[in-house]
Amino acid sequence: MAKHIINSKNLLKRKFTKFMQKKLVLLFVAIILAFTVLVGRITYINASNGSDYTRMVLDRQQYDSRTIPFKRGDILDRNGTKMAASERVYNVILDVEYMCSDKDYIEPTIKVLGECFGIEEGTVRTLIEEKPSSRYSILKKGVDFETAQRFEAVDADEENYPDVRGIWLEDDYIRKYPYNTLASDVIGFTANGNIGTCGIEASYNSVLNGTDGREYGYLDEDADFERTVKEPQSGDTVVSTIDLQVQSIVEKHILAFNETYKNGVRPGEGSKNTAVIVMNPQNGEILAEASYPNFDLNQPRDLTKYYSEEQIAAMSEEEKVEKYNELWNNFCVSEPFEPGSTAKPFTISAGLETGLLTGQESYRCGGMLHVGDYDISCNNVYGHGAQTLKETLENSCNVALMEIGFAMGKEEFCRYQELFGFGQNTGIDLPRESAGVLYGVDDMDSTSLATNAFGQNFNVTMTQLAASFCSLINGGEYYKPHVVRQIWDENGNLIENKNPVLTRRTVSKETSDIIKDYMFGVVEEGTGKSAKVEGYDIGGKTGTAEKHPRSAKNHLLSFIGYAPQEKPQVVVYVVVDEPNVAEQASCSYAMQLSADIMREIFPYLGIEKSAGSAQ
């Protein structure tokens, strides 16, 4: 063993000869020389072209480390038709510092900016002068896909456009409304990017909005340029309860009405405001909702439809803001008014529910009733004479309704007003809902009770009255009104059903049947004859409310009707606020508009015809 070890040591000594040692030294010297040459070369490159290479790296990082915008969700009608959508567009970005890094880049780049995007030469030269170090200047927003494609072709053509530098396109989205003014109050619009301003756009803003993505650019350890992308998350799609066909019919007839009665005095033309709600009384879904004047969702600040250029020029900024708010105001949700005689079915229903009324009552109307210090007139100043309870509603007798109010007493009357939802928000999924104004028990005197009983001296909104009216005719079930029925993800997968919300019972099935019978008589025999549509069994109630100040003789006219008589499927509520006519106190204007709408939407909705009509 010892001999073996000695031999191994001798072998190691023989391996490292002097010749081999010299070769190792020469190799080490060669490596040192190569390293020295490499360092020298890097130093030379850095000294001569270092700024160019740094700029190239920074440019790539500048372009690739960017926000990727999300796509806001669509708003659809109940049948899947897009009423609001986000369309991909592009922003033109200029890296001024890069463009100016070589004088040969400036003129070709300016030329392409003009030819491709219509950006004026003066705009670019001003930017060069004022912000020569800018790495991110937005020259134009909302460039369409075709224009972007033309630029991409130019940008890729190094042979013909070798010196075009510093231009790049940033993805973006613009909100589009394909039907312009249609359902403007319900849909709403966005401002300042993706902020809903009114309508569904506002109330479902967080649902419609997604989350921006991000693209990161960096150099790895091998000096290769790498990308990391966090994809944007698109917003969800909102499926509304609106039926685009019903909405179109409603707005067509509203516009026709205003065209017929326009006088050029008011922005609303045919009236101060004309509004319609079409609703399903069995679940609270709103099929159509519109008011006029309306506005173009794609140009919500355009006042030229209602004011001359001279009038607009004379407006201060504060006045313009006021006009915008008036235009964007949803009358159906936000504007309280005295309902007039459309409130009478509620008073009679409350009397029936309390047991005060049985349906066998009779009244005598002499055209006026003295209450407190006032003589309060009936709608027929000559008097209706003897009236049954049913005839009281058919003929809209104020005197009989006042007597019913007195018999009920203010405590019970106020309790039922609250039960019917007056003076409180309905919870509809639209912004800026008004609650209206009611008397309380403590501040209601005999005169207030008398006038409240036939629909004056308290305020409601159209949404309030329509929702509660639905409960009167569907058997007593009060559903929360709503304009959205489903939420989908970006791929069309169902996320949430907005099921009908039954909040309470207002009246019994027996009372509902009685009041429907009375309102059928209103259309067949009473004040609502003009609302009749041949072939259909329609019930309803007229309303003629004298507005404050009473001396002005301005009126708000209304009609609320339903069909069919058995298990109603649709409610149509029409309000005409101050029609442009000499004598406003005629509900025929609201009834005619209602009949025109009903005549066209009933066949579309498949409403059952009356038994004796031709099918």
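Begin by selecting Val-278 and Ile-348 in this predicted model. Within the largest nonpolar core, which has 128 residues, these two touch the most other members. Next, colour residues 588-605, which form helix α21; nine core residues come from this helix, the largest share. A second core, separate from this one, has 23 residues. To locate the second core, select Tyr-90, Leu-94, Val-112 and Cys-116, which are among its members.

Return to Ile-348 and display its surroundings. With neighbours within four places in sequence set aside, Ile-348 is in contact with Leu-357, Leu-389, Leu-393, Leu-401 and Ile-404, and also with Ile-515 and Tyr-518. Ile-515 and Tyr-518 also belong to the next stop, where helix α14 meets helix α20.

Select residues 344-354 for α14 and residues 509-524 for α20. Two packed helices are described by the angle between their axes and the distance between those axes. Here the angle is about 145° and the axes are 10 Å apart. The crossing of α14 past α20 is right-handed. Show side chains on both helices: α14 contributes Pro-345, Ile-348, Ser-349, Leu-352 and Glu-353, while α20 contributes Thr-511, Ile-514, Ile-515, Tyr-518 and Met-519. Sorted by class, this contact contains seven nonpolar residues, two polar residues and one charged residue.

Zoom out for a view of the whole chain. There are 21 helices and 23 strands, and 49% of the 615 residues are buried. Among contacts with a separation of 6 or more, 71% join residues 24 or more positions apart. The chain exposes about 29800 Å², of which carbon and sulfur atoms supply 50%.

The remaining stops are in loops. Select Gly-193, between β6 (190-191) and β7 (195-196). Is this glycine buried or exposed? Gly-193 counts as exposed because its relative accessible area is 53%, and the cut-off for that class is over 50%. Draw a distance from its C-alpha to that of Asp-172: the two residues are 21 apart in sequence and 9.9 Å apart in space.

Move on to Thr-197, in the loop between β7 and α8 (199-203). Its C-alpha is separated by 9.9 Å from that of Ile-187, ten residues away along the chain. Leaving out residues up to four places away in sequence, Thr-197 touches Phe-189, Thr-190, Ala-191, Ala-202, Trp-328 and Arg-432.

Follow the last of these contacts to Arg-432, which lies in the loop between α17 (410-419) and α18 (446-453). Although not a glycine, Arg-432 has a positive phi of about 65°. Its relative accessibility is 46%, so the residue counts as partly exposed. Asn-180 is another non-glycine residue with a positive phi, near 55°. Select it in the loop between β5 (167-176) and α7 (184-187). Asn-180 likewise counts as partly exposed, because its relative accessibility is 36%.

Finish with two prolines. Where does Pro-293 lie? Pro-293 is in the loop between β12 (286-292) and α11 (309-314), and the peptide bond leading to it from Tyr-292 is cis, with omega near 20°. Then select Pro-549, in the loop between β21 (539-546) and β22 (555-563). The bond from His-548 to Pro-549 is also cis, with omega near -10°.

Definitions and conventions
Residues numbered from 1 in each chain as written. Predicted model: local features only at pLDDT ≥ 70, side-chain atom pairs only at ≥ 80, totals over all residues. Heavy atoms only, no water. Core = buried A, V, L, I, M, F, W, Y, C linked by side-chain atoms within 4.5 Å. Buried < 20%, exposed > 50% of the residue type's maximum accessible area, 1.4 Å probe, protein only. Helix = DSSP H or I, 4+ residues; strand = E, 2+ residues; numbered from the N terminus. Contact = heavy atoms within 4.5 Å. Areas by Shrake-Rupley, 256 points an atom, 1.4 Å probe, with all protein chains shown as cover. Axes fitted to C-alpha atoms, helices over the stretch in contact; angles between N-to-C directions. Left-handed = near helix turned anticlockwise from the far one by under 90°. Nonpolar A, V, L, I, M, F, W, Y, C, P; charged D, E, K, R; others polar.
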